[in-house]
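The following paragraphs concern the surroundings of a ligand and the packing of two helices. Please consult the sequence and the coordinates alongside the text.

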Amino acid sequence: MKYVSTRGHAASQGFTDILLEGLAPDGGLMVPEQWPRLTRPKLDAMRDLPYPRLAFEVLRFFADDFPGGELKSLVDRTYTAQAFGTPEITPLHTLEPNLHLLRLSNGPTLAFKDVAMQLLGNLFEAVLERQGRRLNVLGATSGDTGGAAEHALRGKARVNVFMLSPNGRMSPFQRAQMYSLQDANVFNVAIEGAFDDCQDVVKAVNLDAGFKMRHAVGAVNSINWARVVAQVVYYFKGYFAATRSNDEQVSFAVPSGNFGNVFAGYVAKRMGLPVRRLVLATNENDVLDEFFRTGRYRPRKTSEVHATSSPSMDISKASNFERFIWDAVDQDGDKVAWLWRQVDEEGGFDLSTDRAWEKIEEDSGFASGRSTHADRIATIRLVNEKYGVLIDPHTADGVKIGLRLREGRYPTICLETALPAKFDETIVEALGRHAPRPPGFEGIEDRPQRFDVMRPDPEAVKRYIEERARD
Ligand SMILES: *Cc1c(COP(=O)(O)O)cnc(C)c1O
């Protein structure tokens, strides 16, 4: 499997080469040269596999330059009942006939990002070991991603993690999940400012190419291809769990922000999984919903992003969206480059009169909707009253839109992207009581915390990294 850039002007590379990289040299994102297609016998053979074997079968298409035995043992080590609470890893919970919840949030940080990040940590370790390299991961987080990354990379021999977070602006639970880690390779930097200030510092550090090279600065952000591939696996898992035969079709409802999760569903569909609809749910930050309804893509300025009660979906531009557009314009890199020039120069583009739009409307499977704070509260209540199940505000966005666009004949699988314990304030607002804490998370706010407070000053952060980097 070779990977090419969405903008068409970068040399093709293998999976291992792109594993540690961010953007392609031409500014695009790396994508597979063609989608692997599953034959019917292959799909039938996958139906009853346990999660780690299923993961191996999906991953080997994309990571074919990884020695098979190594990939297999790495996947076995990643997807354990110990890390994910159950041997099923992502169990399906049936709410009523043809309506299900796919539970993705039983990993170490109680959000679906663990499913991909835990694998990424082990992939990084294997490749760095093989190549005798070290890596200093630098990231900015508003909560979920940073926690998942730190829990995936903690204690890894060849990696340090420097995670910038907005001082005093995360929930006490999220703060505890990150700051209570005592591993010597994890560095929490609480920036005096907002999330955007953290991100600006990361950008500024990355612009210093010399510094980046000298200290092998890397990232684990949502454009990382291995993260997308790891997420493809649970679409298969959910499909098999909700159906009896591979003749059936299902729809997925996906709470979306950076378009990584739902894009993985699109990849599964392109591989031949019988997916009927990919129902994309946004919160009040509805750039993606607007696109799938109108064909117009208008990313917001960061100053126009609403702070909502499903905060992990508060994004201004969806970083993985370019991968989908590349596929929609028949993998024409020059056209993608032209469209993103319009994003830079005119603030967006309009595909509604383009040939690609017909294809998106007819074949892509996407449908979309937007949910609000009131919808989240009402949906948390509804699901609790009707099914006795507690869902978090992000999952509620997905369930809300999943129900609105549901076609009764087909199973709808709503992806659960976090546990309610992470967003207790909203649960209290909806139900007048606290979300239960899973075992092992009681009182984590009281554990000793380890972090350094800094001003949003790239030079100071560089010195901080320099003094602690693995070189
Ligand atoms: C990251 C996140 C999302 C959004 O997922 P994308 O892959 O960015 O679309 C939704 N819900 C939760 C809880 C998240 O952490």
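A polar contact is here a pair of N or O atoms within 3.5 Å. This cut-off applies to a predicted model, and with it the ligand site can be examined.

A backbone N or O atom of glycine 260 lies 3.3 Å from an oxygen atom of the ligand, so this pair falls within the 3.5 Å limit for a polar contact. At asparagine 261, a polar backbone atom is found 2.9 Å from a ligand oxygen atom. Lysine 113 contributes through its side chain, where an N or O atom is 2.5 Å from an oxygen atom of the ligand. Of the ligand's own 380 Å² of accessible area, the protein covers 96%.

The wider shell comprises 15 residues, of which Lys113, Asp144, Gly257, Asn258 and Asn261 come nearest to the ligand. By class, this shell holds 5 nonpolar, 8 polar and 2 charged residues.

The second topic is a helix pair. Two packed helices are described by the angle between their axes and the distance between the axes. For α17 (residues 373-387) and α19 (residues 424-431), the axes come within 9 Å and cross at roughly 70°. The two helices are therefore roughly perpendicular to each other. On the α17 side, the contact is made by His373, Ile377, Ile380, Arg381 and Asn384; α19 supplies Thr426, Ile427, Glu429, Ala430 and Leu431. The residues of this contact divide into 5 nonpolar, 3 polar and 2 charged.

Conventions. Residues numbered from 1 in each chain as written. Predicted model: local features only at pLDDT ≥ 70, side-chain atom pairs only at ≥ 80, totals over all residues. Heavy atoms only, no water. Near = heavy atom within 4 Å. Polar contact = N/O pair within 3.5 Å; in protein donor to acceptor, adjacent residues only side chain to side chain. Areas by Shrake-Rupley, 256 points an atom, 1.4 Å probe, with all protein chains shown as cover. Nonpolar A, V, L, I, M, F, W, Y, C, P; charged D, E, K, R; others polar. Axes fitted to C-alpha atoms, helices over the stretch in contact; angles between N-to-C directions. Helix = DSSP H or I, 4+ residues; strand = E, 2+ residues; numbered from the N terminus. Parallel < 35°, antiparallel > 145°, perpendicular 65-115°, else oblique. Contact = heavy atoms within 4.5 Å.
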